[in-house]
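User: I'm new to reading protein structures and I'd like some help. Could you walk me through a few features, starting with empty space inside?

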Amino acid sequence: MIRETIEPRRGWRTTVEAEGLIWHTADGRPYWNEAACYRFTPAQVATIEAATAELYRLFLVAGDAIVGDRAMLRRFGIPEAFHGPIADAWNAEPPALDYGRFDLGYDGQGAPKLFEFNCDTPTSLLEAAVIQWTWKEERFPHADQFNSIHDRLVARWSALRGDLPATVHFAHVADDEDAVTNAYLRDTAQRAGLATVPILIDDLGWDGDARCFVDTGDRRIAALFKLYPWEWLANEAFAPQLLDSLAHGETRWLEPVWKMIWSNKGILPVLDDLFPGHPNLLAAAWSPPADADAVAKPLLAREGANVSLRRAGTIVAETGGDYGDEGYVFQELYPLPQPAPGIFPVIGSWVVGGEPAGMGIREDGLITRNGARFVPHVIVPAVRGDSL
């Protein structure tokens with residue numbers, strides 16, 4: 001796992017925009033950063049892929065343990081009214097992409113370690129699936145890449161097509177990053193033969209007579225893919241209508257409501273209790289360890305908000321935000337590699353249909369935030385002294 005500085009492609013902005021990545025620059029610097037890349041050996045990628053499959057297995061076991069535990073669901077901060085629908089959806093296994101991004105710490109030598117699982121509203125998807133693949137094909141066509149994300153997404157939609165209505169609505173907030181991700185997922189569904197309709201989450205309507213959600217044209221929404229957190233939906237003014245929809249099946253929701261338990265940081269201490277000492281897990285608890293290095297994470301925080309790093313009980317780095325009232329978990333501090341001054345990479349390893357599909361890498365400071373830069377990767381055999 002070696003980071004190299006390379007020359008960006010001439011006109012790279014035009015290239016990535018043509019592929020849909022209009023959100024390629026943030027705070028005056030490239031978010032998509034092809035002035036560097038990482039190279040991995042086949043053995044290292046095999047290690048990441050195996051860890052991803054294993055972590056997915058652990059989450060299945062943890063899900064079985066949590067859905068029937070009302071006390072644990074309350075500790076997760078999930079409203080009581082949603083406990084039954086979560087268990088029902090978990091047991092019924094409704095249609096789902098079953099996709100997500102495991103964020104991992106990995107130094108190229110030891111076992112990859114889980115930080116968290118972004119499986120409800122994961123972003124950086126287009127970059128991982130398409131943009132870095134095109135970059136590789138143009139810059140290093142003879143190298144490989146851990147990346148079958150695009151093909152797997154299209155194949156997954158194809159497999160779901162018989163269980164879904166002919167038209168699927170795709171909802172998101174008015175945000176450039178979310179718009180890019182949602183547009184890309186719509187494209188993969190269309191390639192699988194589904195008709196799609198975009199809609200902003202704020203434009204969802206409710207037809208009280210028909211007891212169903214409708215779009216701005218008053219068309220019934222038979223299936224809705226939403227890039228919007230379930231815990232936010234559960235606390236919206238139309239939560240009673242949402243519960244009605246879940247109970248009577250007027251709308252197929254993608255992803256299913258049980259994703260609320262996998263995307264909650266409370267699952268980290270549950271995993272540690274179920275699998276103590278597992279090589280792919282970091283120790284995690286509901287209370288801070290005394291005088292030990294740890295990371296404090298709000299149960300529902302996103303994009304690195306309200307996270308603090310503590311060494312021997314002293315905070316050495318922290319971020320602000322609007323989370324924390326829901327409670328915290330405390331995870332063992334993992335020493336991220338630092339291949340360049342102030343640069344700490346986090347592996348985002350994707351699953352689609354519950355199977356490993358590829359990875360992307362984001363670089364930031366000690367806490368990975370929304371402004372982290374995405375850096376592509378290649379797979380090359382290990383040759384001492386070799387470089388791209």
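Analyst: Sure. Keep in mind that this is a predicted model. A search of the whole structure turns up one cavity of 30 Å³ or more.

User: How do you look for empty space in the first place?

Analyst: Rolling a probe the size of a water molecule over the atoms shows where empty space is left. Here the largest cavity holds about 40 Å³ of space.

User: Which residues line the largest cavity?

Analyst: The lining is made by Arg-101, Ser-124, Ala-128, Val-346, Gly-348, Trp-350, Gly-360, Ile-361, Arg-362 and Phe-374. Strand S18 and strand S19 (355-364) each supply at least two residues of that lining. Sorted by character, the lining residues of the largest cavity are five nonpolar, three polar and two charged.

User: What about pockets? How much space lies in the second largest pocket?

Analyst: About 300 Å³ lies in the second largest pocket. It has 17 lining residues, and the closest to its centre are Pro-85, Ala-89, Pro-94, Leu-246 and Thr-251. Helix H4 (83-92), helix H9 (239-248) and strand S12 (252-254) are the elements that give two or more residues to the lining. H4 gives the most, with four residues. By character, the lining of the second largest pocket divides into 12 nonpolar, three polar and two charged residues.

User: Let's go on to strands. How do I think about the two sides of one?

Analyst: In a regular strand the side chains alternate between the two faces of the sheet. Take strand S5 (residues 100-105) as the case here.

User: Are the faces of S5 covered or open?

Analyst: Both faces of S5 are covered. Gly-100, Phe-102 and Leu-104 are buried on one side, and Arg-101, Asp-103 and Gly-105 are buried on the other. That makes six of six residues buried in S5.

User: Which strands does S5 pair with?

Analyst: S5 pairs with strand S18 (residues 344-352) in the antiparallel sense, over five bridges. S5 also pairs antiparallel with strand S6 (residues 113-118), again over five bridges. You can follow Asp-103 across both pairings: opposite it in S18 stands Gly-348, and opposite it in S6 stands Glu-116.

User: And how do I read a whole sheet? In what order do the strands of the open sheet come?

Analyst: Read across the sheet from one strand to its partner. Five strands form an open sheet in the order S13-S17-S14-S15-S16, with antiparallel pairing. Strand S13 (284-285) and strand S16 (314-318) stand at the edges with a single partner strand each, so one side of each has no neighbour in the sheet. Within this order, strand S14 (residues 294-298) and strand S15 (residues 308-311) are joined by three bridges. You'll find Ala-296 opposite Ser-308 in S15.

User: Can we finish with a single residue? Where is Thr-25 placed?

Analyst: Thr-25 belongs to strand S2 (residues 25-26). With a relative accessible area of 33%, Thr-25 is partly exposed, because that label covers values between 20% and 50%.

User: Which residues is Thr-25 in contact with, apart from its neighbours within four places in sequence?

Analyst: Those are Trp-12, Arg-13, Pro-30 and Tyr-31. The side chains of Thr-25 and His-24 are also joined by a polar contact of 2.7 Å. To get a feel for distance, try Phe-330: Thr-25 and Phe-330 are 305 residues apart in sequence and 33 Å apart in space, C-alpha to C-alpha.

How values were computed:
Residues numbered from 1 in each chain as written. Predicted model: local features only at pLDDT ≥ 70, side-chain atom pairs only at ≥ 80, totals over all residues. Heavy atoms only, no water. Buried < 20%, exposed > 50% of the residue type's maximum accessible area, 1.4 Å probe, protein only. Contact = heavy atoms within 4.5 Å. Polar contact = N/O pair within 3.5 Å; in protein donor to acceptor, adjacent residues only side chain to side chain. 1 Å grid on protein atoms, 1.4 Å probe; cavity = no way out; pocket = protein on both sides within 12 Å on 5 of 7 lines; lining within 4 Å. Points joined across faces, edges and corners; volume = space filled by probe spheres on them. Nonpolar A, V, L, I, M, F, W, Y, C, P; charged D, E, K, R; others polar. Pairing = 2+ DSSP bridges.
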